[in-house]
Amino acid sequence: MTSNSSFSRVHLLVCVHGMWGEPGHVSRLAEVVKETHPEPEDGVELDVLVAETNRDENTYDGVDWGAERVIEEIKARITSIEGSAPSSSSAIRRKVTRFSIFGYSLGGLVSRYTVGILYATKFFDTVKPINFATIATPHIGLTRYRGSFLSGLTHTLGPRLLSRTGKQFYAKDNDDWGDGKGKPLVEAMSEKDSVFFEGLSQFKHILFVGNAIDDLTVPFVTACVEPYDPFSGHAESGIDIELDERYAPIIKSFKYPDVPPTLPPKKGYVARLKDWWNAPSALPPFLQMRFPLNILFYILLPILIPMVIMLIIGNFTWNSVKSKKRIRLLEARETDNRSAIVKFVSNLEHRVEDAVVEMMEDEGSQNQLTDPEKNYTTTRIPPLPTRRSKTRRQSVSYPPITPHPNPVRSAAQPALTPLQLRIIENLNQLPRLHKAFVWLDGLRNTHATIVCRDLHQFEFHRRGEGVLRYLADGFEM
């Protein structure tokens, strides 16, 4: 047998960050997986790609265009892995035979769309999909709470200030798919006859991870696709939480109390102010001032807050305008082409034409994702310095969630729309779907901590390490 017929197998893992994100936001996730699987296992080595091109203001451009950028990076990485010539006649070529993808926040939706493209272009005919996971991803879009001024404000301004992505977050993007009679992207991606659902169903392991409490960005019901939030009002409901001994803050089990607890006396203003003062600061280090500068800072807040709000709105507006210009240029390319996804989802008029068509046209070239003509399962894989694959950790399992028998007054439930309820029903039919609920108490917003997003600025983000270890130990090579 010649060296050309010998390949070392590579498992490619792609990590995708979220809105306004950068690669560093999921770098700790990538590091933990690599630390857990540093050597080849059963003849398979790990290669990790942290997506870079869909960063910062590019995240305004929509889930679909973001996925196309990720696809281009996947193509480039596979070309790099497989395309380099061996240094000697006895050297072994590398071949990507397995694929996994993890997405954080918006990156989870981008990952699901990416999977749809890969499935539509027959990528999984020769590359085996193994692990899929999302962390704090708004699968049903962003939710609204009755009586919440901030929730109503964000639902009004979000679709206007966040360009295409904002419209997709709030399911206001029907008009983006042609005649305005199509379905929003989050619903189209959940339907069983779509390439997104069918592609995701190919994965051996599917995991949705979400914060149980205090995720002000992506609440529990949308991250874990549940119609009811059992953790709402947890401070008064008496819900009993047991954390996993090895992977805390992963919840091992939870249950409602048989008898509603006796609530402690309501805290006075001074006590609440003290709790607020002692809570971990949500400010970056350069704004965490010592006494007496911190007092001066809070005195100036009534002046600073309106200024900051105007700056934020101005920044959102400017980035949204630039995003719309980029989208017009993207959509102007080869608009007559029809993608493989359109064949599966007839209601969606213009999907990912460029990514799909380019991959179809590249078949047989050195830049393709895979060669469908070769059956690599019959190729002899030479032995590598290797170890046996690690035993995967057991997945946590929860009983079906039911409403609290004695709901407390503070247990506000999201006002889910019929569309969101349909998405929940659809996604819960995914085969081999598992969920993991995360308990990070004592924080103002748990959205960044769950993935250890900014360890260099916020040390308390390290509390999410158990979540990353849970993902890494469950990663099948």
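The following dialogue explains how to read several features of this structure.

Visitor: What kind of model is this, and how are residues numbered?

Guide: This is a predicted model, in which local features need pLDDT of at least 70, side-chain atom pairs count only at pLDDT 80 or more, and totals for chains, interfaces and linings use all residues. Residues are numbered from 1 along each chain as its sequence is written, and side-chain values use heavy atoms, with hydrogens and water left out.

Visitor: In what order do the strands of the open sheet lie?

Guide: Strands of a sheet pair through backbone hydrogen bonds, either parallel or antiparallel. Helices (H or I, at least four residues) and strands (E, at least two) are DSSP runs numbered from the N terminus, and two strands pair if DSSP finds at least two bridges between them. Here an open sheet of 6 strands has the order 2-1-3-4-5-8, with parallel pairing. Strand 2 (44-50) and strand 8 (433-438) are the edge strands, each pairing on one side only.

Visitor: Over how many bridges do strand 3 and strand 4 pair?

Guide: Strand 3 (residues 93-104) and strand 4 (residues 128-135) pair in the parallel sense over 6 bridges. Arginine 98 has lysine 128, in strand 4, as its bridge partner.

Visitor: How many salt bridges are found, and which residue does arginine 28 meet?

Guide: A salt bridge is a side-chain nitrogen of Lys or Arg within 4 Å of a carboxyl oxygen of Asp or Glu. The whole structure holds 23 salt bridges. In one of them, the side chains of arginine 28 and glutamate 465 meet at 2.9 Å, N to O. Arginine 28 lies in helix 1 (residues 27-36) and glutamate 465 in helix 16 (residues 465-473), so the pair ties together parts that are 437 residues apart in sequence.

Visitor: Where is proline 249, and what is the peptide bond from alanine 248 to proline 249, cis or trans?

Guide: Proline 249 is in the loop between strand 6 (240-243) and strand 7 (251-255). The peptide bond that joins alanine 248 to proline 249 is cis, with omega near 20°.

Visitor: What is the sign of phi at serine 163, positive or negative?

Guide: Serine 163 is not a glycine, yet its phi is positive, at about 55°. This serine 163 belongs to helix 5 (residues 163-169).
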